[in-house]
Amino acid sequence: MTAPSIDLAVHHNPRGLSDRIAFGFTKALRWCADTFFAERYGHRAVVLETVAAVPGMVGATINHLACLRRMCDDKGWIKTLMDEAENERMHLMTFIEVSQPTWFERAVIIGVQWVFYLFFFALYLVSSKTAHRVVGYFEEEAVISYTHYLAEIDEGRSPNVPAPEIAKRYWSLPDDATLRDVVLVVRADEAHHRDVNHGFANELAGLPVGELAECPPHVALEPNWKKAA
């Protein structure tokens with residue numbers, strides 16, 4: 001399976017105060033990540049993917065409850081956000097195999113996840129448009145980070161180890177797949193999430209949604225009740 005080509009230059013220019021707050025917040029977190037991890041991209045991925053999997057679950061939960069209260073259709077948002085959360089979790093499970101997190105990093109994950117979950121939940125209640133714009137900018141930065149990771153691999157500064165089995169199963173990668181192949185499909189995933197969330201924010205703002213980057217095909221994770229049926 002070959003990762004779909006993506007446009008690395010996609011960027012939503014901030015419009016108005018809401019977008020500027022989202023963009024500034026994202027850049028502040030980017031500075032923290034660059035300072036803490038430097039060029040340890042495998043360890044960066046482990047910690048940041050735990051954060052990246054939060055917005056989809058929060059957005060799905062709040063939209064689910066809103067649709068129950070209003071007795072209305074969700075227009076496909078809930079499943080889309082749940083799939084995003086699941087996909088980000090699979091990124092985490094993959095990079096855990098590549099870069100075993102230290103006990104300190106595990107402690108950081110616990111603290112950051114709680115703080116970010118509470119923050120993002122509150123933000124989504126106050127302004128779902130700003131929340132989706134934040135995620136869109138997060139994913140723009142993720143695309144940049146994984147592009148740098150690819151350069152590290154191609155230039156020999158990071159070892160191009162064999163792809164973990166979990167990644168080969170999830171993305172249907174060949175038996176001889178390497179870390180480079182994994183980073184390519186993960187980056188394509190992030191580009192898709194980038195466009196979906198910017199699209200959601202645009203829809204809420206009454207702006208054109210725009211095109212979506214192609215999402216790499218992956219194996220659907222079936223719930224236990226379907227396996228038992």
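Is Glu141 buried or exposed, and what is its relative accessible area? In the predicted model described here, Glu141 is buried, with a relative accessible area of 10%, a value that falls under the 20% cut-off for burial. This residue is taken up again below with its salt-bridge partner, after an account of the overall fold.

The secondary structure of the protein consists of eight helices and zero strands, so that, in the order of the sequence, the pattern reads α-α-α-α-α-α-α-α. For a chain of 229 residues, a compact globule would be expected to have a radius of gyration near 17 Å, and the value computed for the protein, 17 Å, agrees with that expectation. The C-alpha trace extends over about 50 × 50 × 35 Å along the principal axes. Of the 229 residues, 46% are buried, and among the contacts with a sequence separation of 6 or more, 75% are made by residues 24 or more positions apart. The accessible surface amounts to about 12000 Å², with carbon and sulfur atoms contributing 62% of it.

With regard to charge, the protein carries 22 positive and 30 negative charges, and the mean positions of these two sets lie 5 Å apart. A search of the whole structure yields eight salt bridges. One of them joins Lys27 to Glu141, with the closest N and O atoms 2.8 Å apart. This pair links distant parts of the chain, since Lys27 belongs to helix α1 (residues 16-37) and Glu141 to helix α5 (residues 128-154), the two residues being 114 residues apart. The partners also fall into separate accessibility classes: Lys27 is partly exposed at 38% relative accessibility, whereas Glu141, at 10%, is buried.

A further salt bridge is formed between the side chains of Glu165 and Lys168, at an N to O distance of 2.9 Å. Because Glu165 and Lys168 are three residues apart in helix α6 (residues 165-171), about one helical turn separates them. Glu165 is partly exposed, its relative accessible area being 49%, while Lys168, with a relative accessible area of 12%, is buried. Elsewhere, salt bridges with shared partners join Glu152, Glu155 and Arg157 into one network. Within this network, the side chains of Glu155 and Arg157 meet at 2.5 Å, N to O. Glu155 counts as exposed at 52% relative accessibility, and Arg157 counts as partly exposed at 49%; the assignments follow from a boundary set at 50%, over which a residue is classed as exposed.

Glu152, a member of the same network, also serves as a reference point for the position of Pro223. The C-alpha atoms of Pro223 and Glu152 are 37 Å apart in space, and the two residues are 71 residues apart in sequence. Pro223 itself is located in the loop between α7 (179-205) and α8 (224-228), where it is partly exposed, with a relative accessible area of 33%.

Conventions: Residues are numbered from 1 along each chain as its sequence is written. This is a predicted model: local features need pLDDT of at least 70, side-chain atom pairs count only at pLDDT 80 or more; totals for chains, interfaces and linings use all residues. Side-chain values use heavy atoms; hydrogens and water are left out. Helices (H or I, at least four residues) and strands (E, at least two) are DSSP runs, numbered from the N terminus. The radius of gyration is taken over C-alpha atoms; the globule rule is 2.2 Å times the number of residues to the power 0.38. Buried means under 20% relative accessible area, exposed over 50%, partly exposed in between (1.4 Å probe, protein chains only). Contact means heavy atoms within 4.5 Å. Accessible areas come from the Shrake-Rupley method with a 1.4 Å probe; for residues, only the protein chains shown count as cover. Lys and Arg count as positive and Asp and Glu as negative; His and the chain ends are not counted. The place of a charge is taken as NZ of Lys, CZ of Arg, CG of Asp or CD of Glu. A salt bridge is a side-chain nitrogen of Lys or Arg within 4 Å of a carboxyl oxygen of Asp or Glu.
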